[in-house]
Amino acid sequence: MTSSLSRDALELMRAAHEVAARAHSPYSGIRVGAALLCADGGMVAGCNVESASYGLTQCAERAALTAAIALGEREFRALAIWASTPRVLMPCGACRQVLAEHAPDLVVQCGCGWLAREARPRSLTRSNLRRLLPGAVSEHDVRRGGR
Ligand code: THU
């Protein structure tokens, strides 16, 4: 689905696109940026950081969430993800799970390509976390050893 973006959503996507330029991805060559819109209106961004021990790679989404938590943010409204891939890159399963624990109703928009003149992605997909990860494991499932 390709559609237009509201001004706030566009600003968030621009932040994701901007931070993607700082990705550390010498192995895949894929640059990913993620920007979270916090409940207080602030935006916090993160990029993917790869490791020579491939499994230690950190996705942009979790990098953004970790930074936001460290800044004291606790509520999130929306997430923009921009990737240097030919098609939009949807958040991986691990990121969906971690995000769902903090923001189960998060609006998620994923973009790729960049129309420089209009400063917006060429292609865009919009969804929300409940749709992307139905039945996420929640804190209620694991509290007190699951009893
Ligand atoms: N990547 C992300 O940053 N987020 C995702 O949700 C999927 C994958 C990154 C990890 C790795 O650096 C590259 O994209 C290829 O998997």
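**Pockets and ligand site**

The largest pocket has a volume of about 240 Å³. The model in which this pocket was computed is a predicted one. Thirteen residues would be a long list to follow, and a few of them suffice to locate the site: of the 13 residues that line the largest pocket, Ala100, Pro104, Ala136, Val137 and Ser138 lie nearest its centre. Three helices each give two or more residues to this lining, namely α3 (93-102), α4 (129-132) and α5 (139-142). By class, the lining of the largest pocket comprises 7 nonpolar, 3 polar and 3 charged residues.

Where, then, is the ligand? The space that the ligand takes is the second largest pocket. This second largest pocket holds about 170 Å³ of space. Its lining is formed by 13 residues, and those nearest the centre of the second largest pocket are Ile30, Val32, Asn48, Cys59 and Leu89. Nonpolar residues account for 8 of the lining of the second largest pocket, with 3 polar and 2 charged residues beside them.

The surroundings of the ligand can also be described from the ligand itself. The residues around the ligand are Ser28, Val32, Asn48, Glu50, Thr57, Cys59, Ala60, Glu61, Leu89, Met90, Pro91 and Cys92. Divided by class, this shell has 7 nonpolar, 3 polar and 2 charged residues. Val32, Asn48, Cys59 and Leu89 belong to the shell, and they are also among the residues nearest the centre of the second largest pocket.

Which atoms of the protein approach the oxygen atoms of the ligand? From Glu50, a polar side-chain atom lies 2.5 Å from a ligand oxygen atom. Ala60 takes part through its backbone, with a polar atom 2.9 Å from an oxygen atom of the ligand. Cys92 likewise places a backbone N or O atom 2.9 Å from a ligand oxygen atom. On its own, the ligand has 370 Å² of accessible area, of which the protein covers 81%.

Taken together, the ligand occupies the second largest pocket, with contacts to its oxygen atoms from the side chain of Glu50 and from the backbone of Ala60 and Cys92.

Notes
Residues numbered from 1 in each chain as written. Predicted model: local features only at pLDDT ≥ 70, side-chain atom pairs only at ≥ 80, totals over all residues. Heavy atoms only, no water. Near = heavy atom within 4 Å. Polar contact = N/O pair within 3.5 Å; in protein donor to acceptor, adjacent residues only side chain to side chain. Areas by Shrake-Rupley, 256 points an atom, 1.4 Å probe, with all protein chains shown as cover. 1 Å grid on protein atoms, 1.4 Å probe; cavity = no way out; pocket = protein on both sides within 12 Å on 5 of 7 lines; lining within 4 Å. Sits in = over half its atoms within 2 Å of the grid points. Nonpolar A, V, L, I, M, F, W, Y, C, P; charged D, E, K, R; others polar. Points joined across faces, edges and corners; volume = space filled by probe spheres on them. Helix = DSSP H or I, 4+ residues; strand = E, 2+ residues; numbered from the N terminus.
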